[in-house]
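The following questions and answers examine selected features of a structural model. Please consult the sequence and the coordinates alongside the text.

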Amino acid sequence: MLEVRTYPTLAEAAENIDPGSVFMSGGTLVMIRVNYGAHGLKAIIRTTDSTLRRIDDEAGRITLGAFATMSDILAHRDLDFLGPAAMAVGGPGVRNAATVGGNLFAPHPYGDFTVALLALDARVHLSDGSAVPIEDFLRNRSGLVESVSFQRPFGDLFRFRKIGRIKPKGASVMSIAAHLGNSPGYLSNARVAYGAMGSAPMRVRAVERALEGAALNRHGIASAIESATEGLEPPTDELASSWYRREVAPVHLRRLLLGEDR
Amino acid sequence: MMKKTPVTFTLNGRPTAAFADPGENLLDFLRRGVGDMTPKYGCGQGTCGACTVLIDNEPHLACITLAESAADREIRTADCLSDGPSLDPLQNSFIEHFAAQCGYCTPGMLMAARALLERNPNPRREEVIDAIAGNICRCTGYEPIVDAILDASRSYRRSAI
């Protein structure tokens, strides 16, 4: 029989996670599972620790608590660059509940905010005090998340867009985020991430390699566009086939990199 | 014996208490436990918006909200809008603009719109569209709903003066 156990701190919640239990933050993922039968689920673990909702900026290092919601991010005057990624997560009712921590666990085709965190090279801070690069975290997606942190991007060099077929809101055909580095005249250490193009959000190394030293213009990024889906096998689902995702990815990558509306 | 949890909260301005089943969502809790039938069940996965209620003045989807998380918070449903035969300007505007046909989405639409107009009584059309972006209507094509909310915003502005 399902039970709900609520603890005052994340550490206490972590101590009481056991097989068959699931940790719940905003509930937008867990409650769907509960509503549809909760097969095998024995307990929902919660915490009322309000410190998990914090948003800090210390010397350009931004920390988002695991319980910070998409609406919290949209309302924060210094996080404009994350606005498009936060807006990509559902309508207002979802954004008021969906959390940064929960988005890290969202199954395909969800997890658009995590795509932005990947391009920002975020670190995931866990309840046991450890911190891991987000790319490593996404391989297993285990542990209780306390917060994520990343360096504030310079100027307009961080970009995000979500591609959907249902307007104004719908799940992603794909989402793309890029952090383009800050070397004048050419790209250096660019980070590019995709969502809905695999089982979890991912960095796109082939594109990143092709962008190294390239000029940010149509000719300069041509090689990166050719590499847009190199080594990828996008999933087929109700929204798009694998073939369709492969066909549109280069187009949307080009638009993102060059700042084109269409 | 299923262990129930007592939940006390404010519902449409009235102190309220009821027992929640383990893992029960706020929608079932309000409808079965409290008897407020205005929020509707549509999808059970936070997609359709028929269950939209306000929690501490913000729209939330009751079907994916754990009932226990409503403890000590202020919940408002579409039941709060009218005072007997006296309708809220939003409700009157929905009638005038033929913004409800089957009516199933209407309570959720009204609460999403109410949250918008309380926060922003002078919204642009795009802001109205975003405010109801999580609410699905299969009858109207949305335009009458957007028109109704924009029209009602004038009443909200007049009442705020």
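**Helix packing, aromatic pairs and backbone features**

Q: At roughly what angle do the axes of helix 2 (residues 89-96) of chain B and helix 3 (residues 106-119) of chain B cross?
A: This is a predicted model. In it, the axes of helix 2 and helix 3 of chain B come within 10 Å, and their crossing angle is roughly 125°.

Q: Which term describes the orientation of helix 2 of chain B and helix 3 of chain B to each other?
A: The axes of these two helices of chain B cross at roughly 125°. Angles of 65 to 115 degrees count as roughly perpendicular and those over 145 as roughly antiparallel. The crossing of helix 2 with helix 3 of chain B is right-handed. The orientation of helix 2 of chain B and helix 3 of chain B is therefore oblique.

Q: Which residues in helix 3 of chain B does helix 2 of chain B meet?
A: Helix 2 of chain B contributes B:L90, B:Q91 and B:F94 to this contact. By class, the contact of the two helices has six nonpolar, two polar and one charged residues. On the side of helix 3 of chain B, the residues met are B:T106, B:M109, B:L110, B:A113, B:R114 and B:L117.

Q: What kind of aromatic pair do A:F81 and A:F150 form?
A: A search of the whole structure finds five aromatic pairs over all chains. For A:F81 and A:F150, the centres are 6.3 Å apart and the angle between the planes is 85°. Planes over 60 degrees apart meet the criterion for the edge-to-face class. The pair of A:F81 and A:F150 is edge-to-face.

Q: How many residues apart are A:F81 and A:F150, which link distant parts of the chain?
A: A:F81 lies in the loop between helix 3 (70-75) and helix 4 (83-87) of chain A, whereas A:F150 belongs to strand 8 (residues 145-151) of chain A. Both A:F81 and A:F150 are buried. Along the chain, they are 69 residues apart.

Q: Why is the pair of B:F9 and B:F29 tilted?
A: The ring centres of B:F9 and B:F29 are 5.7 Å apart. B:F9 lies in strand 1 (residues 5-11) of chain B and B:F29 in helix 1 (residues 26-34) of chain B, so the pair ties together parts 20 residues apart in sequence. Both B:F9 and B:F29 are buried. The pair is tilted because the planes are at 50°.

Q: Which residue forms one aromatic cluster with A:F81 and A:F150?
A: A:F81 and A:F150 are themselves an edge-to-face pair. The residue that forms one cluster with them is A:F158.

Q: Is A:A228 buried or exposed?
A: A:A228 is placed in the loop between helix 10 (222-226) and helix 11 (242-258) of chain A. Beyond four places away in sequence, A:A228 touches A:Y194, A:V204, A:V207, A:A249, A:P250 and A:L253. Its relative accessibility is 0%, so A:A228 counts as buried.

Q: What is the omega of the peptide bond from A:H108 to A:P109?
A: A:P109 lies in the loop between helix 6 (100-103) and helix 7 (112-119) of chain A. The bond from A:H108 to A:P109 is cis, with omega near 5°.

Q: What is the relative accessible area of B:N57?
A: B:N57 is found in the loop between strand 3 (52-55) and strand 4 (58-61) of chain B. B:N57 has a positive phi of about 75° although it is not a glycine. B:N57 is partly exposed, with a relative accessible area of 43%.

How values were computed. Residues are numbered from 1 along each chain as its sequence is written. Chains are lettered from A and ligands numbered from 1 in the order in which they are written. This is a predicted model: local features need pLDDT of at least 70, side-chain atom pairs count only at pLDDT 80 or more; totals for chains, interfaces and linings use all residues. Side-chain values use heavy atoms; hydrogens and water are left out. Axes are lines fitted to C-alpha atoms, for helices over the stretch in contact, and angles run from 0 to 180 degrees between N-to-C directions. Helices (H or I, at least four residues) and strands (E, at least two) are DSSP runs, numbered from the N terminus. Angles under 35 degrees count as roughly parallel, over 145 as roughly antiparallel, 65 to 115 as roughly perpendicular and the rest as oblique. A crossing is left-handed if the near helix is turned anticlockwise from the far one by less than a right angle, and right-handed if clockwise. Contact means heavy atoms within 4.5 Å. Ala, Val, Leu, Ile, Met, Phe, Trp, Tyr, Cys and Pro count as nonpolar, Asp, Glu, Lys and Arg as charged, and the others, Gly among them, as polar. Rings of Phe, Tyr and Trp (its six-membered ring) pair if their centres lie within 6.5 Å; planes under 30 degrees apart count as stacked, over 60 as edge-to-face and the rest as tilted. Buried means under 20% relative accessible area, exposed over 50%, partly exposed in between (1.4 Å probe, protein chains only).
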